Amino acid sequence: MSFTEQPSYAARAVDYLFVGFLFVAALGSLYWASQAVDAVLGFHAIVFAIAFYLALFVVGKQLVTGKGYRRPQSDELVYNDEIVKAGTIASTFWAIVGLLVGLIIALQLAFPVLNFDVAWLSFGRLRPVHTSGVIFAFGGNVLLATSFYVVQRTSKARLAGHYAPWFVFWGFQLFLVVAASGYVLGVTQSKEYAEPEWYADLWLTVVWVVYLLVFLGTLWKRKEPHIYVANWFFLSFIVTVAMLHIVNNLTMPVSLMGGKSYILFAGVQDALTQWWYAHNAVGFFLTAGFLGIMYYFVPKRAERPVYSYRLSIVHFWSLIFIYIWAGPHHLHYTALPDWAQTLGMTFSVMLWMPSWGGMINGLMTLSGAWDKLRTDPVIRMMVVSVAFYGMSTFEGPVMSIKAVNSLSHYTDWTVGHTHSGALGWVGYISFGALYCLVPWLWKRKTLYSLQLVNAHFWISTIGIVLYITSMWVSGMMQGLMWRAYDSLGFLEYSFVETVEAMHPFYIIRALGGALYLVGTIIMAYNLWQTAQGNVRQKEAATLLGNTAPAAA
């Protein structure tokens, strides 16, 4: 592979501007730390300073030694796979961290003594670490890795920017560290899925804008005239999440040297803005982005074209137009005007159709290749993920209906619904993508062990079934106990009695979470051995007969 040592003057200018930004940011962070009025902000300012100085050292060294200018010649197509490798490793790491914290807090619900009377280990502080860890850290890194991989292959163009993709990756990891440490230290906005304080939100905005520019820049210089449908889903996820993040986190800091801030909105306006954000974070972060994964990796692994490309376009535009209006269904029987509640319910029910259109498209892509479900556990995991997507997108509209919502809301039924989508749909399609990416990126003929993939699939599937069924039963029982009256019109059960009745189901849930975590650890071991180039000797002959399809 040959490289040019002399970039354009524009490229040199951009590189040195980036160095200048890092230098100013590092000095500013140190000054910020020295002037901080609370300890947590001071600690986070030092974290920012360390990160900027490390980046300055690495980039400066590359520029001084000339390695920073080693860019592929213009007549060569050399994909930037190092950034995808980094995203794959980070995804696996954060999956284990997020799921481990989730298991801890599940056990705390069943056995409160496991809080140990330590503020840092309390359920209230660890719960956002779990949600952010699995959604934004694990899910976000999977989306970074897959979007950067897919947009290069389907555009036949190298990822735009030299340092910009790395800025997105490491900037996102910095945000995750600041957010998670802030939760443990008690710094939070107390907004579901939007807990980080104002300075972390500002930093994420900068990172996300660069992410959008890198993605758009790659599409701009594409060699393929057609933009593949997966890129439309990725692009909608990036753009919409940016809009949601900015509007929902409009805050006024008490002091620029303090961590506390107040939301711009108040009362029911704040509630509506929050659930417009939260529901569409599910819709565009956890649905649209991962549908982009489905539309590339399922056909690629099955070695079959998408069942209906026309249906995929209808799926995309109908999902995009309808999803954004469904948030008010989280606010049934609240101070939100009744017409707004009904609007949210109506659009939620309408979502059933495009969602199932996407599910049918994903499943029917295996037409003529159904035999692969017997021989390839990776494609089996992906197909089951699509089935979970269909189940979750049926259950969600049903739960948005007011009569059903009056029973389900504020109960564990909602928890079961959320985790059927998170563990079954998001988790399995992510695991399938990781199982595909590692052999492709590290140039291995096959995975270390398909038997371990099979073990991962069955162990985690049993875990999901235990988790969601226990929460469905617990939630319905909970709702029915809350609305039970005796012959005199008094409540038949006290709140404490409902909590006591849920205890065995909380133990079952923790067991399900433990099994899911065990499956993820098996996957991490399998991927590590694959990257090392190892193959289980007793499986070698079988594995070579089921070699994964080569990367596009």
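**Close-ups of a predicted model**

**View 1. The loop after α3, at Phe116 and Asp117.** Phenylalanine 116 is found in the loop that runs between α3 (82-110) and α4 (123-155). Keep in mind for this and every other view that the model is predicted. Most residues other than glycine have a negative phi. Phenylalanine 116, which is not a glycine, has a positive phi of about 60 degrees. Aspartate 117 is in the loop between α3 and α4 too, and here phi is positive again, about 55 degrees, although aspartate 117 is not a glycine either. Are these two residues buried or exposed? Phenylalanine 116 has a relative accessible area of 56%, which is over the 50% cut-off, so it counts as exposed. Aspartate 117, at 81%, is exposed as well.

**View 2. Leu121, in the loop between α3 and α4.** Leucine 121 also sits between α3 and α4. With 38% relative accessibility, leucine 121 counts as partly exposed. Which residues does leucine 121 contact once its neighbours within four places in sequence are set aside? They are Gln108, Asn115, Phe116 and Leu126, so the phenylalanine of View 1 turns up in this list. Take glutamine 108: 13 residues separate it from leucine 121 in sequence, and the two C-alpha atoms are 9.7 Å apart in space.

**View 3. An aromatic pair between α1 and α2.** The count of aromatic pairs in the model comes to 52. The one shown here joins phenylalanine 21 and phenylalanine 52, with ring centres 6.3 Å apart and 75 degrees between the planes, an edge-to-face arrangement. The pair links distant parts of the chain, 31 residues apart: phenylalanine 21 belongs to helix α1 (residues 9-35) and phenylalanine 52 to helix α2 (residues 39-65). How accessible is each partner? Phenylalanine 21 is partly exposed, with a relative accessible area of 35%, whereas phenylalanine 52 is buried at 7%. Both rings belong to one aromatic cluster, whose other members include Phe18, Trp32, Phe48, Tyr163 and Trp203.

**View 4. An aromatic pair inside α5.** Now for tryptophan 166 and phenylalanine 169, whose ring centres are 6.3 Å apart. Why does this pair count as edge-to-face? The planes meet at 90 degrees, and anything over 60 goes into that class, so the label follows. Tryptophan 166 and phenylalanine 169 both lie in helix α5, three residues apart, or about one turn of the helix. An α-helix has 3.6 residues a turn, so residues three or four places apart point the same way. Tryptophan 166 is partly exposed at 27% relative accessibility, while phenylalanine 169 is buried at 4%.

**View 5. The largest cavity.** A search of the whole structure turns up three cavities of 30 Å³ or more. The largest holds about 270 Å³ of space. It is lined by 25 residues, and Phe136, Leu204, Val241, His245 and Tyr277 are the closest to its centre. Which helices supply at least two lining residues each? The contributors are α4, α5 (164-184), α6 (198-220), α7 (229-248) and α8. By residue type, the lining splits into 19 nonpolar, four polar and two charged.

**View 6. Helix α11 and what covers it.** Helix α11 takes in residues 352-364, 13 in number. From first C-alpha to last it reaches 18 Å, close to the 18 Å expected at 1.5 Å a residue. Its buried residues are Pro354, Ser355, Gly357, Gly358, Met359, Asn361 and Gly362. The cover over these residues includes α8 (267-302), α9 (309-323), α10 (338-350) and α13 (377-400).

**View 7. Ser385 in α13.** One of the residues of helix α13 is serine 385, which is buried at 0% relative accessibility. Leaving out residues up to four places away in sequence, serine 385 touches Gly424, Trp425, Tyr428 and Ile429.

**View 8. Trp442, between α15 and α16.** Tryptophan 442 is in the loop between α15 (412-441) and α16 (450-482). Its relative accessible area is 18%, under the 20% cut-off, so tryptophan 442 counts as buried. What does it touch beyond residues up to four places away in sequence? The partners are Lys85, Ile89 and Ala531. For scale, the C-alpha atoms of tryptophan 442 and isoleucine 379 are separated by 20 Å, and the two residues are 63 apart along the chain.

How values were computed. Residues numbered from 1 in each chain as written. Predicted model: local features only at pLDDT ≥ 70, side-chain atom pairs only at ≥ 80, totals over all residues. Heavy atoms only, no water. Helix = DSSP H or I, 4+ residues; strand = E, 2+ residues; numbered from the N terminus. Expected span 1.5 Å × (residues − 1). Buried < 20%, exposed > 50% of the residue type's maximum accessible area, 1.4 Å probe, protein only. Contact = heavy atoms within 4.5 Å. 1 Å grid on protein atoms, 1.4 Å probe; cavity = no way out; pocket = protein on both sides within 12 Å on 5 of 7 lines; lining within 4 Å. Points joined across faces, edges and corners; volume = space filled by probe spheres on them. Nonpolar A, V, L, I, M, F, W, Y, C, P; charged D, E, K, R; others polar. Phe/Tyr/Trp six-rings, centres within 6.5 Å; stacked < 30°, edge-to-face > 60°.
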